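Here is a short set of exercises on a ligand site and the domains around it. Keep the structure open in your viewer and try each task before reading its solution.

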Amino acid sequence: MSELKGVIFDLDGVLVVTDKFHYQAWKMLADELKMDFDEEINHQLRGVSREESLKRIYRHNKRELPSQEEFTAQMTKKNEKYKELIGTMTSDDILPGSIELLTSLRKEGIKCSIASASKNTPHVLKNTDLDQYVDAVADGNEVTHSKPHPEVFLLAAKKMGLPPEECIGVEDAESGVEAIHNAKMVAVGIGEQGKAAELVVQSVKELSVERFRSLLG
Ligand code: B16
Ligand code: MG
């Protein structure tokens, strides 16, 4: 068995809550395009890239995709609204238990990093001040394949200088847990969509250095 050297956290839904902002931004676009969009569809877009999310909204509405130019303009419009909304984020938007967990892991010499599908990761980390609590960041700006592809988790491990078998991934999305497994790492799942993971909890508040260590040991 390998010794635990690193923990890789998904961002949205694990360390911060941005669901409501994605919802509001997609809802604005969907209303404008007279398309149906509700909390349930929003929930299914967790961990899914911006491009794939818009394709899924079209599919859900049984609408044909517009021209590439129009599609890109719509993604940009959604993202401008999203950026405006996350501009209001502060450290108050960090989920309870996150800072304590990151601090205690690093105190034990276990590196911490972020693996997020979001291209807005740098803004979210800066606005919430979370960037000072992690050793490395891998995000949607640097990868070509979306979760469930393992690329973003493998990149986060590489940036920490660790092999995948010494890392554990933490995710709240089904596609994210699959990505962790595809990277040959042990997974911790948060909430309903995390049920395929080796350990399932409701929030990071329930996690500790000991619980992580017991998963690899
Ligand atoms: P952006 P994660 C994901 O982040 C979100 O869960 C998902 O809802 C969003 O569509 C995706 O990032 C892309 O975000 O439009 O900001 O590039 O959960 O992987 O941290
Ligand atoms: Mg997530």
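The exercises below work on a predicted model.

**Exercise 1.** Find which residues come nearest to ligand 1, and sort the shell around ligand 1 by class.

*Solution.* Start with the shell: there are 17 residues around ligand 1. Next, pick out those that come nearest, namely V48, S116, S118, K119 and N120. Then sort by class, which gives 5 nonpolar, 6 polar and 6 charged residues.

**Exercise 2.** Work out how far the polar backbone atoms of L11, G47 and A117 lie from an oxygen atom of ligand 1.

*Solution.* Take L11 to begin with: one of its backbone N or O atoms lies 3.5 Å from a ligand 1 oxygen. For G47, the distance from a polar backbone atom to an oxygen atom of ligand 1 is 2.8 Å. For A117, a backbone N or O atom is 2.8 Å from an oxygen atom of ligand 1. Now turn to the cover: on its own, ligand 1 has 470 Å² of accessible area, and the protein covers 98% of that. As for its location, ligand 1 occupies the largest pocket.

**Exercise 3.** Describe how the chain is divided into domains and how the shell around ligand 1 draws on them.

*Solution.* First set the bounds: domain 1 is 6-17 + 92-216, and domain 2 is 19-86. Their C-alpha centres lie 25 Å apart. Then look at the contacts, where 15 residues of domain 1 meet 13 residues of domain 2. Finally, return to the ligand: each domain supplies at least three residues to the shell around ligand 1.

Notes: Residues numbered from 1 in each chain as written. Chains lettered and ligands numbered in written order. Predicted model: local features only at pLDDT ≥ 70, side-chain atom pairs only at ≥ 80, totals over all residues. Heavy atoms only, no water. Near = heavy atom within 4 Å. Polar contact = N/O pair within 3.5 Å; in protein donor to acceptor, adjacent residues only side chain to side chain. Areas by Shrake-Rupley, 256 points an atom, 1.4 Å probe, with all protein chains shown as cover. 1 Å grid on protein atoms, 1.4 Å probe; cavity = no way out; pocket = protein on both sides within 12 Å on 5 of 7 lines; lining within 4 Å. Sits in = over half its atoms within 2 Å of the grid points. Nonpolar A, V, L, I, M, F, W, Y, C, P; charged D, E, K, R; others polar. Domains from an automatic or database assignment. Contact = heavy atoms within 4.5 Å.
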